[in-house]
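Me: I am new to this structure and would be grateful for a close look at one part of it, the loop shortly after one of its helices. Please begin there and then set that part in its surroundings.

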Amino acid sequence: MNADPVQEIPGGDAFPSITDLGATGPAQQELHRRAWTATRSRFGDSVFVRGVVEISNHCRENCHYCGMRRENRDLKRYRGRLDSLLELLVHRRPGSITDLNLQAGEDPVAVREIAIPLIQTLRRETPLGISVCLGTLSKDLSAELLEAGATTYIIKFESSQEALYRSFEAPGTLAERLSHIRWLAGNGWNVSSGFISGLPGQGIEGLLGDIQAALDLPLIGCSVSPFVPGESTPLRDASSGGFDPTLNAMALLRILRPDWVIPAVSALNIVGADLGYRGGLRAGANLCTINLTPTEMRGDYLLYKRDRFIMDEDRVLSAIAQEGLTVSRKSLAAFLAAQTQDHS
Ligand code: SF4
């Protein structure tokens, strides 16, 4: 199913290359134009729109790039209330969303007490497709989520460089993370992954390696998130990842995998002042996310900083319209189910 990630292109250079990743000016415009064309050829003008609810900020992991790491003792921890989340998602969700992503720190308690019953009810009472982003869980708990009705697991490998992965205390070992991604994909899940662009010490070669690593995995999609130094993390004084390399990495993924689901991430608004999120749509993204986390919990979901740039429905719909795109009426889950059927 995976395309060969390294292609020989006329002219003899390997693609993708460090030159492609560092493209600026007309070369970058051409790269993004190719990504845009590849996206439109496969998906037309429509973009998937999902909601996300951050159900818990408890986390047993300690990633240096994240404010929710277990050693951040200053963070007020929360778990959402099942009844109020259900009321929101069954009766008051935006009409534009076709799918929902449930996200949390690595918190098995929230998976059992909130995610699984929430998914069971949502599958009964709504047509929403459901994805989860809940960390590395036991195989039994993963199977329970699938049984409840979630179909896509989002699990980022963050960095393909073993030494960086270890030094930033990312979950387990890199080998275990990659192996878990493969296990999920072999056990009924659509798996989407992701990596961080501009992690301290990564280098442009490292970013190229991350693209290669993503292409080697059995994925249905992949995100590229610019590094943002979190205020309550050991990396608080580091520089942010660059906007251009992040967009270029997205564009390269899109050109190499026209079939993938590639999200525009809200952190693009932090590192890409004027264009921000819309730059992601121009560079091949075909998935937008509306943040539905109740306001009283949102500030404590501390990926980076407290003054998060929240993508609400108005901002997402406006970005889509400004780029001349439309909202897909077909859910991402239905699209992926049809894709699986075509390949079987
Ligand atoms: S990135 Fe995820 S696993 Fe790592 S500390 Fe943050 S919430 Fe936990």
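Reply: Aspartate 259 lies in the loop that joins helix 9 to helix 10 (268-271). The model under discussion is a predicted one. With 14 C-beta neighbours inside 10 Å, aspartate 259 counts as partly exposed, because a residue is called buried at 20 or more such neighbours and exposed at 12 or fewer. Its C-alpha atom is 32 Å from that of leucine 85, and the two residues are 174 positions apart in sequence.

The helix on one side of this loop, helix 9, comprises residues 243-256. Its 14 residues should span 20 Å at 1.5 Å a residue, and its end C-alpha atoms are indeed 20 Å apart, so expectation and model agree. Of these 14 residues, 13 are buried, which means that helix 9 is largely enclosed by the rest of the structure.

One partner of helix 9 is helix 2 (residues 25-43), whose axis comes within 8 Å of that of helix 9 and crosses at roughly 40 degrees. That angle makes helix 2 oblique to helix 9, because only angles under 35 degrees would count as roughly parallel. The crossing of these two helices is left-handed.

Other helix pairs may be described in the same terms. Helix 4 (residues 108-125) packs with helix 3 (residues 82-91) at an angle of about 30 degrees, the axes being 10 Å apart. Helix 3 is therefore roughly parallel to helix 4, and the crossing of this pair is right-handed. Helix 4 also meets helix 5 (residues 139-148): their axes come within 9 Å and cross at roughly 15 degrees. Helix 4 and helix 5 are therefore roughly parallel to each other as well, but their crossing is left-handed.

Two further loops offer a setting for the one with which this account began. In the loop between strand 6 (152-154) and helix 6 (162-167) lies glutamate 158, and phenylalanine 157 is found in that loop too. Glutamate 158 counts as buried because 23 other C-beta atoms lie within 10 Å; phenylalanine 157 is likewise buried, with 23 such neighbours. Glutamate 158 has a phi near 65 degrees, a positive value in a residue that is not glycine. As for phenylalanine 157, its C-alpha atom is separated by 24 Å from that of methionine 311, which is 154 residues away along the chain.

The loop between helix 6 and helix 7 (174-185) contains glutamate 169. Here too phi is positive in a residue other than glycine, with a value near 50 degrees for glutamate 169. Glutamate 169 has 17 other C-beta atoms within 10 Å and is therefore partly exposed, as is aspartate 259.

The ligand completes the picture. Around the ligand stand Cys59, Glu61, Cys63, Cys66, Met68, Arg69, Gly105, Glu106, Gly135 and Pro171. By class, this shell is made up of five nonpolar, three charged and two polar residues.

To return to the part requested: aspartate 259 is partly exposed in the loop between helix 9 and helix 10, whereas 13 of the 14 residues of helix 9 are buried.

How values were computed
Residues are numbered from 1 along each chain as its sequence is written. This is a predicted model: local features need pLDDT of at least 70, side-chain atom pairs count only at pLDDT 80 or more; totals for chains, interfaces and linings use all residues. Helices (H or I, at least four residues) and strands (E, at least two) are DSSP runs, numbered from the N terminus. The expected span of a helix is 1.5 Å times one less than its number of residues. A residue is near a molecule or strand if its C-beta atom, placed from the backbone, lies within 6 Å of it. Ala, Val, Leu, Ile, Met, Phe, Trp, Tyr, Cys and Pro count as nonpolar, Asp, Glu, Lys and Arg as charged, and the others, Gly among them, as polar. Axes are lines fitted to C-alpha atoms, for helices over the stretch in contact, and angles run from 0 to 180 degrees between N-to-C directions. Angles under 35 degrees count as roughly parallel, over 145 as roughly antiparallel, 65 to 115 as roughly perpendicular and the rest as oblique. A crossing is left-handed if the near helix is turned anticlockwise from the far one by less than a right angle, and right-handed if clockwise.
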